[in-house]
Amino acid sequence: MGSLTCDWCEERFEPFLDDALSAGERARLLGHVDDCDACRGLLEELRVVDALLLEPRTIELPENFTFATMADVHAMPLPCARRAPIAALLAAYIAGAWSLVGAAFLIIPQHMTAFVQHTLAVTSTVLAALGGIGHVFAHLGDRGDMSSWTTVAGGVILADALVVVAVVAALRFVRPRIVERLRW
Ligand SMILES: [Zn+2]
């Protein structure tokens with residue numbers, strides 16, 4: 001049989017992993033690997049690499065894999081998963097916006113009177129123009145008081161309100177099925 005060298009084994013690692021060695025060569029190679037840490041380590045590395053490369057090809061899917069997967073997908077409560085985030089975002093926005101407004105009233109009430117007037121003026125403009133964030137800010141710019149944070153805040157809140165309206169409208173008209181579940 002003769003002594004096996006590491007070179008002799010390394011040449012046969014690939015055929016060994018491909019199960020292409022004769023029974024005799026396979027036995028001799030395994031005998032060497034048992035005693036040789038270097039070859040055992042190398043063979044393990046090759047085995048891992050081969051497993052990574054070959055697994056996608058050799059893995060056997062169950063007969064009904066596609067059907068079962070699609071059934072799982074259909075069983076998922078997708079609309080419900082979307083409902084909570086949207087509702088939570090709207091609630092958080094509204095709560096945050098009105099908290100800001102309430103705090104502003106407490107801190108600088110004299111400015112909030114102007115804020116309300118600005119808001120009403122902007123609202124009428126928006127309604128006249130049938131919405132559009134650009135109109136809000138164009139209007140604010142024309143008034144020449146963009147430095148007034150109350151006006152900016154009013155515009156931001158109105159713009160966001162328009163976004164909310166747009167989202168609601170989209171849900172109502174583009175996604176009627178989801179609206180059914182949302183029960184606005
Ligand atoms: Zn060796």
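G155 has a relative accessibility of 0% and therefore counts as buried. This glycine belongs to helix 8, which covers residues 149-173. Its C-alpha lies 8.6 Å from the C-alpha of H118, although 37 residues separate G155 and H118 in sequence. These values, like the others below, describe a predicted model.

The fold around this position is built from helices. Nine helices and zero strands make up the secondary structure of the protein, and the order along the sequence reads α-α-α-α-α-α-α-α-α. Among contacts with a separation of 6 or more, 52% join residues that are 24 or more positions apart. Of the 184 residues, 23% count as buried. The exposed area of the protein is about 12,700 Å², and 65% of this area comes from carbon and sulfur atoms.

The zinc site lies toward the start of the numbering. Four protein atoms serve as donors to the zinc ion: SG of C6, NE2 of H32, SG of C36 and SG of C39, at 2.0 to 2.3 Å from the metal. Along the chain these residues follow the spacing C-x25-H-x3-C-x2-C. C6 sits in helix 1 (residues 6-17), while C36 sits in the loop between helix 2 (23-35) and helix 3 (37-58); the pair therefore ties together parts that are 30 residues apart in sequence. The angles between the four donor atoms at the zinc ion run from 101 to 116°, so the arrangement is tetrahedral. For that assignment, all angles have to lie between 85 and 135 degrees.

The cysteine donors can also be described by their accessibility. C6 is partly exposed, because its relative accessibility is 30% and the class lies between the cut-offs of 20% and 50%. C36 has a relative accessible area of 12% and is therefore buried, since the limit is 20%. C39 is likewise buried, with a relative accessible area of 1%. How many disulfides are there? The count is zero, where a disulfide would need a pair of cysteine sulfur atoms within 2.5 Å.

Two of these zinc donors, C36 and C39, are also part of the largest nonpolar core. This core has 10 residues in all: W8, C9, F13, F16, L21, L29, V33, C36, C39 and L43. Helix 1, helix 2 and helix 3 each contribute at least two residues to the core. The greatest contribution is that of helix 1, which provides four residues.

One of the core residues, F16, gives a view of the packing between these segments. Leaving aside residues up to four places away in sequence, F16 touches L21, R26, L29, L30 and L43. Of these partners, L21, L29 and L43 are listed in the core together with F16.

The loop between helix 1 and helix 2 contains D19. Is this residue buried or exposed? With a relative accessibility of 59%, D19 counts as exposed, because the cut-off for that class is over 50%. Its backbone has a further feature: phi of D19 is near 65°, a positive value in a residue other than glycine.

Conventions
Residues numbered from 1 in each chain as written. Predicted model: local features only at pLDDT ≥ 70, side-chain atom pairs only at ≥ 80, totals over all residues. Heavy atoms only, no water. Buried < 20%, exposed > 50% of the residue type's maximum accessible area, 1.4 Å probe, protein only. Contact = heavy atoms within 4.5 Å. Areas by Shrake-Rupley, 256 points an atom, 1.4 Å probe, with all protein chains shown as cover. Donors = N, O, S within 2.8 Å, 3.2 Å for Na, K, Ca; no water. Tetrahedral: all angles 85-135°; square planar, octahedral: opposite > 155°, others 65-115°. Core = buried A, V, L, I, M, F, W, Y, C linked by side-chain atoms within 4.5 Å.
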